[in-house]
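Let's take a friendly walk through this model together. Have your viewer ready, and keep the sequence at hand as you read.

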Amino acid sequence: MEESLITIASYDNIFEAELAKALLEESGFKVYLLNERMMGIYPTVAADMYRIELQVPSSDEESASRILESLGDESFTSELLSASGALLEGHFLLTSGKHSGNYVEKIRILQKPESAAMLCRKLAERIGKFEFDAIVGPAYGGIALAFETARILAKDFIFTQRKDEQMTIRSGFDLAAIRKVAVIEDIVTTGGSVFEVIKCMQDRGIEVVVVAALVDRSGGKVDFGISFEALLSLDIPVWDAEVCPLCAQNHELVKPGASDKKPVH
Ligand SMILES: [Zn+2]
């Protein structure tokens, strides 16, 4: 006898549904998506009429639901970044000269706008409780994320860029009604450019009330002196070449971002 299926979650976005399905399948569950086909054929019409239902055999209802509930921003983000090819594993030469076994290829995040938009929804949820007039993104990585998050929250969007070594607000924006802002960055490592943005805003009498990022690579060490929301916190170990365990194992060293990804030695 076929076991009956039960809906444990529903989504209005096929990518989010597929992600949840993949995670549950990794945990050994049988998972079915309902209405998925309808969404594919009539994306604009169906989005209003149907949601994608995620179903599991009724005997799995409790355990599968628990896994979905525990699917916090951290695992959601790391799964999505891995799927986008943004979280790389290997043996990398960083611009600092140090070596690492992991690398965040941040441009890959923006290469999949649908995934990037899903991450922006998470960012919007995290900063929605704060009061601000606009969202600021530092060029270039922060621009698309700040724009999309501002769109979701119906706020203004502005961006900053470095001009003659100085972080400045792109000229032409009307700042008259902007008193408070949120700053959105893709990856925070030392927080350098975010600190520059905060200073740039302060110089114009604009208060930064919250900073948000997709990934905090400092592993929670950065302190902006205001609220900092990161979807994913990573503490990625880096080594000097002399003590690098991957060098010791003769792993091929790669310089990330190099267009041809050729080994450097
Ligand atoms: Zn090494």
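The paragraphs below look at a hairpin, then a pair of helices, and then the nonpolar cores.

Please keep in mind that this is a predicted model. A good place to begin is strand β4, residues 87–93, which runs antiparallel to strand β5, residues 99–104, with five bridges joining the two. Within this pairing, L88 of the chain sits opposite Y103 in β5. The two strands make a hairpin with five residues between them, and in the turn you will find G97 with a positive phi of about 95 degrees.

Now turn to the helices. Two packed helices are described by the angle between their axes and the distance between the axes. For α5 and α7, the axes come within 10 Å and cross at roughly 160 degrees. Angles over 145 degrees count as roughly antiparallel, so α5 is roughly antiparallel to α7. On the α5 side, the contact is made by D73, F76, T77, L80 and L81, while α7 brings S115, M118, L119, K122 and R126. The crossing of these helices, α5 and α7, is left-handed.

L119 leads us on to the interior. Which residues touch the most other members of the largest nonpolar core? They are L119, I127, I135, I184 and L214, out of 33 residues in that core. Elements that each supply at least two residues include α5, α8, β9 and β10, and α7 gives the most, with six. Beyond its neighbours within four places in sequence, L119 is in contact with F76, T77, L80, L81, I109, L214 and L231. Apart from this core lies another, of 21 residues, including I158, V194, C200 and F224.

How values were computed
Residues numbered from 1 in each chain as written. Predicted model: local features only at pLDDT ≥ 70, side-chain atom pairs only at ≥ 80, totals over all residues. Heavy atoms only, no water. Pairing = 2+ DSSP bridges. Helix = DSSP H or I, 4+ residues; strand = E, 2+ residues; numbered from the N terminus. Core = buried A, V, L, I, M, F, W, Y, C linked by side-chain atoms within 4.5 Å. Buried < 20%, exposed > 50% of the residue type's maximum accessible area, 1.4 Å probe, protein only. Contact = heavy atoms within 4.5 Å. Axes fitted to C-alpha atoms, helices over the stretch in contact; angles between N-to-C directions. Parallel < 35°, antiparallel > 145°, perpendicular 65-115°, else oblique. Left-handed = near helix turned anticlockwise from the far one by under 90°.
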